[in-house]
Amino acid sequence: GQTWSADNGFVGGSTYSTTAAIAGTTTPTLYQTERYCGGCTLEYKFNAPNGNYVVNLKFAEIWATSPGQRVFNIAINGQTYEQNFDIIRMAGGPNIALDRRYPITVTNGVIDIQMQASVNNPKISAIEITQTSFTPIRVNAGGPQVTDALGRVWAADNGFIGGGTDGNDNTILNTPAPAVYQTERYGTP
């Protein structure tokens, strides 16, 4: 029952669409269109009152057919959230819906989404931005309190019922909070 407005807020780029079936969603129409930018940074700008938001970016690869054919970086308000983002690799194939959610804080009245190509053209199928009045709960499952590179505090493991913990010091890529991926809580019989 949600209404999605027509494409707006973009800076440059072109559109493309398909009639192919899109798997993994109850709203395939959102994923059958895209805005892409050949040889430029694909950008969307929206005015927004200062506060906390969740930016939900929706993707389905409707042009490329295998991993590595389209790779790009995603930044919101100057903060890089994805490096070398490959829709087909992340979704498991073409024509499969993939959503990525990013909590952000607006301090300058603007939400500025930028996608910069590494290989081929960056693209987007749909954008959903919701304001949050809820304070996020961040728990480092199986580990101690951690402050990540974005200044967010992850509480020491709590709220669990049973289970065991484990951890390592392996290098974790593509996250501003690698320490929270180095610990875990797992179920025990």
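## Disulfide

In this predicted model, the count of disulfides comes to one, and the link is formed by Cys37 and Cys40, whose sulfur atoms lie 1.4 Å apart. With -60° about the S-S bond, the connection between Cys37 and Cys40 is left-handed.

The two cysteines are described by separate accessibility values. Cys37 has a relative accessibility of 1% and counts as buried, because the cut-off for that class is under 20%, whereas Cys40, with a relative accessible area of 30%, is partly exposed.

## Three-stranded sheet

Three strands make up an open sheet, arranged in the order 2-3-10 with antiparallel pairing. Strand 2 (14–17) and strand 10 (123–124) stand at the edges, and each has a single partner strand, so one side of each is left without a neighbour in the sheet.

Strand 3, which covers residues 33–36, pairs with strand 10 in the antiparallel sense over two bridges. Within this part of the sheet, Arg35 stands opposite Ile124 of strand 10.

## Surroundings of Asp157

Asp157 is found in the loop that runs between strand 14 (153–156) and strand 15 (164–167). Is this loop residue buried or exposed, given its 18% relative accessibility? Asp157 counts as buried at that value, because the class takes in residues under 20% relative accessible area.

The side chain of Asp157 makes a polar contact with the side chain of Arg185, at 2.6 Å. When residues up to four places away in sequence are not counted, Asp157 also touches, among others, Val139, Asn140, Ala141, Gly142, Gly143 and Thr165.

Methods: Residues numbered from 1 in each chain as written. Predicted model: local features only at pLDDT ≥ 70, side-chain atom pairs only at ≥ 80, totals over all residues. Heavy atoms only, no water. Pairing = 2+ DSSP bridges. Helix = DSSP H or I, 4+ residues; strand = E, 2+ residues; numbered from the N terminus. Disulfide = S-S within 2.5 Å. Buried < 20%, exposed > 50% of the residue type's maximum accessible area, 1.4 Å probe, protein only. Polar contact = N/O pair within 3.5 Å; in protein donor to acceptor, adjacent residues only side chain to side chain. Contact = heavy atoms within 4.5 Å.
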